[in-house]
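Please work through the exercises below with the sequence and the model at hand. Each task is followed by a solution in steps.

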Amino acid sequence: MDCTTFPKHPKMDEQLARAFAANEEEEEKHIQKVQNAFLYYGPYACQRLKRSMDYLNSLSGEDQHMLTKYRAHLECVRTCIDRNQAVIREILRARVLYPAEEPGASPSRDRWDFDEPPPNVRHGDMDQAQSTLKLIARDWSIDGALEREQSYKPIIDSIVEYYKPSDYELKEIKILVPGAGLGRLTYELACLGYSCEGNEFSYFMLIASYFVLNLCDYENKYVLYPWVHQYVNNLRREDQVAAVRFPDVCPNKNPPKGEFVIAAGDFLEVYKTPHSYNCVATCFFIDCANNVIDFIRTIYKILVPGGIWVNLGPLLYHYSDVSGQNSIEPTFEDLCIIMESVGFVIEKSRTGIHTKYAQNPSSMKQSEYQSLFWVCRKPDPFKEQRGKRKVSREPHDLIVREDSEEEQEHHDREEKEQEQAQKQATGNDETEMELAQTT
């Protein structure tokens with residue numbers, strides 16, 4: 001099952017394709033940098049471990065004796081880092097985004113590891129490599145089930161409520177998931193039968209998601225240690241080196257019923273065609289923009305009339321206070337004004353949704369968002385200009401349950417009876433006034 005499209009969006013227009021071709025060399029350099037960051041994961045993680053080991057060795061013999069089990073624990077941390085690096089090598093061995101070596105050739109250690117920082121790889125890149133391991137646990141392990149229940153279930157339930165399987169041919173309902181990450185939300189919606197497309201900008205996410213979606217051949221095949229980088233707030237030594245197995249569901253063995261694709265690219269650059277999707281589902285996404293209004297306008301533009309936008313997440317605003325980046329940080333009150341000004345009808349909204357994001361469940365420190373949730377509808381002028389008949393919230397080209405002619409005749413008959421009753425009441429009032437005057 002080839003679920004992922006690299007590196008171009010399948011529906012890219014000619015102008016955008018030329019732009020990508022012009023920047024192909026830069027794109028390849030960026031992909032190479034992501035690959036190098038993954039390969040440098042082990043040595044980078046061991047640098048932090050070495051600081052603890054060096055200080056431990058500098059302590060007095062008495063102190064070191066009391067920390068004998070702690071020393072053994074640090075050796076276990078090193079083993080977990082090595083095992084994480086082995087999984088990363090498996091992820092990269094597919095070589096999806098960069099030229100493959102000659103068939104049958106075994107990559108040397110120098111090809112797959114770095115003792116020194118690779119060129120142009122910075123601390124931020126290494127943080128993303130480590131975060132990718134946590135996100136694998138969030139999206140594709142049984143340990144992440146609670147977080148997925150908090151974040152994905154409200155979105156899925158709202159979409160199913162709006163586009164009921166009993167009312168629609170689900171494969172004709174096109175859903176876009178910007179900021180798809182490792183693809184679990186997109187996959188779950190496609191498993192219900194909807195036609196789903198995920199969009200992701202980060203190549204860290206794209207490389208890892210391709211591996212899970214296409215190359216894992218059975219459940220819980222691989223073992224990761226996503227919390228091994230957390231040296232503080234550990235109640236027990238075992239909490240830092242807890243193992244997580246993935247994938248809890250194997251997409252290869254359980255292909256979705258609906259169409260499913262993950263596309264690479266910048267959301268604002270790729271998605272410009274009006275009236276393309278029946279639903280846009282965003283989870284922990286809209287605060288990733290320099291100007292959130294650009295996201296909202298684009299979502300409105302690509303929705304069909306009557307389509308919905310379902311969102312859940314906080315307002316972290318990733319570019320706030322980042323050097324060299326511009327950012328605005330509207331409050332939820334401001335966002336409501338923006339959404340309605342753009343043209344959306346806010347069907348429902350809730351605040352205070354308890355959501356965690358890639359949290360170590362055993363950590364003594366637990367961070368939690370009080371997230372926002374809303375469902376917005378793009379109005380359908382065709383439906384709303386039909387007079388007194390009830391306005392459907394469904395796109396006019398997808399209506400499957402129109403009012404029958406009998407229902408319409410019944411509706412018209414009720415209106416006539418009401419008009420006759422009003423005339424009769426008016427006539428009675430005039431007769432009473434005439435009698436009063438005569439008297």
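The exercises that follow concern a predicted model.

**Exercise 1. Overall composition**

Task: State how many helices and strands the protein has, and what share of its residues is buried.

Solution. Step 1: The protein holds 17 helices and ten strands. Step 2: Of its 439 residues, 44% are buried. Step 3: Among contacts with a separation of 6 or more, 75% are between residues 24 or more positions apart.

**Exercise 2. Two packings of one helix**

Task: Determine how helix H3 is oriented relative to helix H5 and relative to helix H7.

Solution. Step 1: Two packed helices are described by the angle between their axes and the distance between the axes. Step 2: For H3 (residues 41-58) and H5 (residues 68-93), the angle is about 175 degrees and the axes lie 10 Å apart. Angles over 145 degrees count as roughly antiparallel, and H3 and H5 are therefore roughly antiparallel to each other. Step 3: The H3 side of this contact includes Tyr41, Ala45, Leu49, Met53 and Leu56, and the H5 side includes Tyr70, Leu74, Val77, Ile81 and Ile88. By class, the contact of H3 with H5 comprises twelve nonpolar, five polar and three charged residues.

Step 4: H3 and H7 (residues 123-140) pack at about 100 degrees, with their axes 11 Å apart. Angles of 65 to 115 degrees count as roughly perpendicular, and H3 is therefore roughly perpendicular to H7. Step 5: Tyr41, Tyr44 and Ala45 of H3 meet His123, Met126, Asp127, Gln130 and Leu133 of H7. The contact of H3 with H7 has five nonpolar, two polar and one charged residues.

**Exercise 3. The nonpolar cores**

Task: Identify the residues that touch the most other members of the largest nonpolar core, and name the helix that gives the most to this core.

Solution. Step 1: The largest nonpolar core has 79 residues, and Ile155, Ile159, Tyr163, Ile175 and Phe246 touch the most other members. Step 2: Helix H11 (residues 203-215) gives the most to this core, contributing nine residues. Step 3: Another core, of 26 residues, lies apart from it and has Ile286, Ile296, Phe344 and Leu372 among its members. Step 4: Once neighbours within four places in sequence are left aside, Ile159 is in contact with Ile175, Leu189, Tyr194, Cys279, Ala281 and Val310.

**Exercise 4. Two covered strands**

Task: Establish how far strand S10 is covered, and describe its pairing with S8 and with S9.

Solution. Step 1: S10 (residues 369-377) is mostly covered, with seven of its nine residues buried. Step 2: Strand S8 (residues 303-313) pairs with S10 in the antiparallel sense over six bridges; Val310 stands opposite Val375 in S10. Step 3: Strand S9 (residues 345-355) also runs antiparallel to S10, and eight bridges join them. Here Ile346 has Cys376 as its bridge partner in S10.

Task: Carry out the corresponding analysis for strand S3, including its two faces.

Solution. Step 1: Six of the six residues of S3 (residues 195-200) are buried. Step 2: One side presents Ser195, Glu197 and Asn199, the other Cys196, Gly198 and Glu200, and both faces are covered. Step 3: Strand S2 (residues 174-178) pairs with S3 in the parallel sense over five bridges, and Lys174 has Ser195 as its bridge partner.

**Exercise 5. Backbone exceptions**

Task: Locate a cis peptide bond and residues with a positive phi that are not glycine.

Solution. Step 1: Most residues other than glycine have a negative phi, and most peptide bonds are trans. Step 2: Phe246 and Pro247 are joined by a cis peptide bond, with omega about -5 degrees. Pro247 is in the loop between strands S5 (244-246) and S6 (260-264). Step 3: Asn233 has a positive phi of about 60 degrees and is placed in the loop between strand S4 (222-224) and helix H12 (237-240). With a relative accessible area of 33%, Asn233 is partly exposed. Step 4: His275 has a positive phi of about 55 degrees and is in the loop between helix H13 (267-270) and strand S7 (277-283). Its relative accessible area is 47%, so His275 is partly exposed.

Note on methods:
Residues are numbered from 1 along each chain as its sequence is written. This is a predicted model: local features need pLDDT of at least 70, side-chain atom pairs count only at pLDDT 80 or more; totals for chains, interfaces and linings use all residues. Side-chain values use heavy atoms; hydrogens and water are left out. Axes are lines fitted to C-alpha atoms, for helices over the stretch in contact, and angles run from 0 to 180 degrees between N-to-C directions. Helices (H or I, at least four residues) and strands (E, at least two) are DSSP runs, numbered from the N terminus. Angles under 35 degrees count as roughly parallel, over 145 as roughly antiparallel, 65 to 115 as roughly perpendicular and the rest as oblique. Contact means heavy atoms within 4.5 Å. Ala, Val, Leu, Ile, Met, Phe, Trp, Tyr, Cys and Pro count as nonpolar, Asp, Glu, Lys and Arg as charged, and the others, Gly among them, as polar. A nonpolar core is a set of buried Ala, Val, Leu, Ile, Met, Phe, Trp, Tyr and Cys residues joined through side-chain atoms within 4.5 Å. Buried means under 20% relative accessible area, exposed over 50%, partly exposed in between (1.4 Å probe, protein chains only). Two strands pair if DSSP finds at least two bridges between them.
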